[in-house]
Amino acid sequence: MPPACNPEGSSRKALKIELLIVLGLSLGQSGIYSIVNLIDKMTRAPLGSQTTSLNNSLNKREYFDLTYQLLDIFFALVPVMLVLYLLWRLPGGNAFARLGFDFARPLKDLGWGAGLFLAMGLGTLGVYAAGRALGLTTLIVPAALDDYWWTIPVLVLSAIRHGILEEVIVVGYLFERLGRLGWGKWQIIVTSAVLRGSYHLYQGIGPFVGNVAMGIVFGYVYSRRGRVMPLVIAHAFLDIAGFVGYALLGSAIGVGS
């Protein structure tokens, strides 16, 4: 006689498998690569003597570089499309409304996003400076693209990409799925924050600590407000300030040298 079917147990197992697949295709994969990259760097030379470049050129020919940059941004967002599709299949539909990833409250979202940007921006600078002073953080070059007419727009798109990818998956999706598995609020917040820190480890220990702290703040705000859009706005502002600010002013003020 075959064993009795347990729909609830099957559903939980399917949910865990789904989580592993989504993270394996996106930021969980980045976290594993980042850990290996950190070990590689630490066994080569002191972290403080090394440099990490972001937003690098992908081709020596201008318009092929532009094409690769845009393709990189587009395909990085495919896992976001996947999680929105998965959440859309739940009763009630409309994954955008479920995560608060919409324009239903534009002024409030912008206000919260700007406030988080200011608070996290100051904290990020402090953690980076401390990490550099302690030799725990590599020298970070936020924008290593060649100087073309499209450089600034692509950096802005890249910043928005990071904001959407990280906040929708590491906060909105992870909170929804782990909540369905019965995890408590602070278990989810800490797990989300550690995952966020893990895929920044390639930059050094300082960015890991700073991003874990940022993840705790962002996770707590999401648990209270239930909207991911303010986090996307804040994250995009942070990256735009770093990427575009460096591209425009870095060499002039001696940042990154």
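## Loops, core and salt bridges

Q: Where is Asn94 found?
A: Asn94 sits in the loop between H4 and H5. Helices here are DSSP runs of H or I, at least four residues, and strands are runs of E, at least two, numbered from the N terminus.

Q: Predicted model, right? What are the ground rules?
A: This is a predicted model, where local features need pLDDT of at least 70, side-chain atom pairs count only at pLDDT 80 or more, and totals for chains, interfaces and linings use all residues. Residues are numbered from 1 along each chain as its sequence is written, and side-chain values use heavy atoms, with hydrogens and water left out.

Q: Back to Asn94. What is its phi?
A: Near 45 degrees for Asn94, a positive value in a residue other than glycine.

Q: Is Asn94 buried or exposed?
A: Neither: Asn94 is partly exposed, because its relative accessible area is 35%. Buried means under 20% relative accessible area, exposed means over 50%, and partly exposed is in between, using a 1.4 Å probe and protein chains only.

Q: And Asn55, what phi there?
A: Asn55 has a positive phi, near 50 degrees, and is not a glycine. Asn55 lies in the loop between strand S1 (51–53) and helix H3 (62–76).

Q: Why does Asn55 count as buried?
A: Because its relative accessibility is 14%.

Q: New topic. Which residues touch the most other members of the largest nonpolar core?
A: Val80, Leu99, Phe101, Val168, Val228 and Leu231, out of 43 residues. A nonpolar core is a set of buried Ala, Val, Leu, Ile, Met, Phe, Trp, Tyr and Cys residues joined through side-chain atoms within 4.5 Å.

Q: Which helices supply at least two residues of this core?
A: Helices H1 (7–25), H4 (78–88), H5 (95–99), H6 (106–134), H7 (151–180), H8 (185–198), H9 (205–225) and H10 (229–253).

Q: Which gives the most?
A: H7, with 10 residues.

Q: What is Val168 in contact with?
A: Val80, Val83, Leu99, Phe101, Gly163, Tyr173 and Val228, leaving aside neighbours within four places in sequence. Contact means heavy atoms within 4.5 Å.

Q: What about another core, apart from this one?
A: Another core of 15 residues lies apart from the largest one, and includes Leu66, Trp150, Val154 and Tyr246.

Q: On to charges. How many salt bridges?
A: Nine salt bridges. The rule is a side-chain nitrogen of Lys or Arg within 4 Å of a carboxyl oxygen of Asp or Glu.

Q: Which pair links distant parts of the chain?
A: One such salt bridge joins Asp72 and Arg161, 3.5 Å from N to O. Asp72 is in helix H3 and Arg161 in helix H7, 89 residues apart.

Q: Is Arg161 buried or exposed?
A: Arg161 is buried, at 8% relative accessibility. Its partner Asp72 is partly exposed, at 40%.

Q: Which residues are linked in a network of salt bridges?
A: Glu18, Glu176, Arg177 and Arg180. Arg177 meets Glu176 with the closest N and O atoms 3.0 Å apart. For Arg180 and Glu176, the closest N and O atoms are 2.4 Å apart.

Q: Where do Arg180 and Glu176 lie?
A: Both are in helix H7, four residues apart, about one turn of the helix. Arg180 is partly exposed at 43%, while Glu176 is buried at 14%. Arg177 is buried as well.

Q: Last one. What does Ser198 touch?
A: Gly31, Ser34 and Phe208, not counting residues up to four places away in sequence. Ser198 is in helix H8 and is buried, at 12% relative accessibility.
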